[in-house]
Amino acid sequence: MKQNLLDLDAVALERYFAGLGEKPFRARQLLRWVHQRGAAEFAQMSDLAKGLRGKLEADARVVPPTVVGDSVSADGTRKWLLKVDGANAVEAVFIPEPRRGTLCVSSQAGCTLDCAFCSTGKQGFSRNLTTAEIIGQLWLANRMLGAPAKHGADHRHITNVVMMGMGEPCLNLDNVIPALRLMLDDNAYGLSRRRVTVSTSGVIPGIDRLREECPVALAVSLHAPSDDLRDRLVPVNRRYPLRELMKACRRYLDAAPRDFITFEYVMLDGVNDSEAHARALLGIARQVKCKFNLIPFNPFPGAEFRRSAPERIRRFAEVLARDGLTVTTRRTRGDDVDAACGQLAGDVTDRTRRSAARMPKTVVLTEQRA
Ligand code: SAH
Ligand code: SF4
């Protein structure tokens with residue numbers, strides 16, 4: 001089987017080139033061709049010696065997931081359905097804003113953690129994505145958005161990446177970390193650590209490993225102010241309760257590129273969205289330097305929750321903000337392309353259609369200050 005070069009970060013690529021009897025700087029050249037210029041054909045790579053191109057032709061390939069759906073919302077949000085094998089598809093979502101463009105990337109096909117309000121979780125787990133499948137989402141999105149060649153890096157489309165698509169990144173760090181390193185690598189995507197965010201439901205060993213091996217911005221899906229409620233909404237809390245989670249967040253801040261943790265909080269009508277819940281959260285907020293991001297619940301077929309009314313969300317945010325916390329509320333975007341998601345999946349095989357159905361409603365990243 002040929003080596004998929006999208007699976008290799010800079011260090012692994014140098015090792016691979018050493019195995020071919022090549023110098024380390026060849027790895028950097030190749031990274032630039034593949035990740036900055038979006039090249040997949042070795043024949044294009046004009047500054048690589050012909051002999052090397054021949055070796056690569058014989059031994060390697062550049063293979064991203066297959067795009068099986070591409071839809072653009074009225075608000076410009078663009079969503080790709082990406083087939084990763086015969087049975088699984090994942091999604092990547094691009095959210096353009098006036099001064100930044102954010103790509104939301106998936107880390108697993110499905111998820112093992114079964115959060116009560118998440119359609120990915122409800123549908124079970126299929127498998128971890130490979131590094132190539134993770135970085136391939138960024139590689140493809142860059143290509144599909146068109147390289148802003150005349151303007152250079154300052155005008156690129158994708159300025160931020162969030163690991164907030166399908167799956168729990170902290171349960172797939174073997175493959176997520178090399179992908180993060182490529183996002184940060186100046187010879188690849190060159191994003192700053194502050195502009196790459198990993199979102200976790202609170203897998204503490206993963207948070208610690210990320211801190212040691214590749215600290216980037218961290219978002220933690222909190223969703224409840226007490227263990228009692230969080231045990232029900234985010235079952236992984238039974239293993240890693242709030243007290244321990246807050247300690248892990250504090251440890252993370254020692255290495256983090258930002259001096260706060262973002263707490264995500266899904267607003268579930270009548271479940272976790274009262275002013276009393278907000279006041280209880282203040283106790284948590286005092287333990288860790290943090291900002292809050294409130295996410296109005298996105299309903300899906302069979303969901304047992306409803307989205308909190310805007311007024312309720314506003315009052316909740318106000319309790320936090322009065323205490324000096326920064327609170328943003330995610331604005332729901334891309335609804336219309338979500339509706340089209342199931343239709344797009346219908347173009348591929350039956351099994352893919354099933355996995356497409358497990359996709360969460362688009363997670364939306366536009367934020368509004370409370
Ligand atoms: N597994 C990681 C990252 C993926 S989910 C995590 O849980 O953090 C990204 C965010 O979307 C998480 O905060 C998650 O709780 C939230 N989310 C999941 N299902 C949702 C839904 N139906 N409506 C709104 N937000 C949801
Ligand atoms: Fe998994 Fe995150 Fe969904 Fe929970 S919210 S089931 S951790 S993807």
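**Ligand shells, cores and salt bridges**

The shell of residues around ligand 2 splits into four nonpolar, three polar and two charged members. All that follows refers to a predicted model. The residues surrounding ligand 2 are Cys111, Leu113, Asp114, Cys115, Cys118, Gly121, Gly167, Glu168 and Ser201.

Two names from that list, Gly167 and Glu168, come up again at ligand 1. Here 18 residues make up the surroundings, and the closest are Gly167, Ser199, Ser221, His223 and Asn298. Several polar atoms come within reach of this ligand. An N or O atom in the side chain of Ser199 sits 2.7 Å from an oxygen atom of ligand 1. With Asn298 it is the backbone that takes part, one of its polar atoms being 2.9 Å from a nitrogen atom of ligand 1. Glu168 adds a polar side-chain atom, placed 3.3 Å from a nitrogen atom of the ligand.

Turning to the interior, nonpolar side chains tend to be buried together in soluble globular proteins. The largest nonpolar core in this model has 110 residues, and those touching the most other members are Leu30, Leu56, Leu180, Met183, Phe263, Phe292 and Leu320. Both domain 1 (3-61) and domain 2 (66-358) supply at least three residues to this core. Take Leu56 as an example: once neighbours within four places in sequence are set aside, its contacts are Tyr16, Phe17, Leu20, Leu30, Phe42 and Leu48. Another core lies apart from the largest one and consists of six residues, including Val93, Cys104, Val162 and Met164.

As for charged residues, the structure contains 26 salt bridges. Side chains of opposite charge can pair when their charged atoms come close. One of the pairs is Asp70 with Arg78, where the closest N and O atoms are 2.7 Å apart. How buried or exposed are the two partners? Asp70 is partly exposed, at 32% relative accessibility, whereas Arg78 has a relative accessible area of 18% and is therefore buried, the cut-off being under 20%.

Glu133 and Arg127 also meet through their side chains, with an N to O distance of 2.9 Å. In this pair the acidic partner is the buried one: Glu133 has a relative accessible area of 11%, while Arg127, at 23%, is partly exposed. Some bridges share partners, and in this way Glu275, Glu311, Arg314, Arg315, Glu318 and Arg322 are joined into one network. A further salt bridge links Arg100 to Glu97, with 3.1 Å between the closest N and O atoms. Arg100 is partly exposed, its relative accessible area being 31%.

Methods. Residues numbered from 1 in each chain as written. Chains lettered and ligands numbered in written order. Predicted model: local features only at pLDDT ≥ 70, side-chain atom pairs only at ≥ 80, totals over all residues. Heavy atoms only, no water. Core = buried A, V, L, I, M, F, W, Y, C linked by side-chain atoms within 4.5 Å. Buried < 20%, exposed > 50% of the residue type's maximum accessible area, 1.4 Å probe, protein only. Domains from an automatic or database assignment. Contact = heavy atoms within 4.5 Å. Near = heavy atom within 4 Å. Nonpolar A, V, L, I, M, F, W, Y, C, P; charged D, E, K, R; others polar. Salt bridge = Lys/Arg side-chain N within 4 Å of Asp/Glu carboxyl O. Polar contact = N/O pair within 3.5 Å; in protein donor to acceptor, adjacent residues only side chain to side chain.
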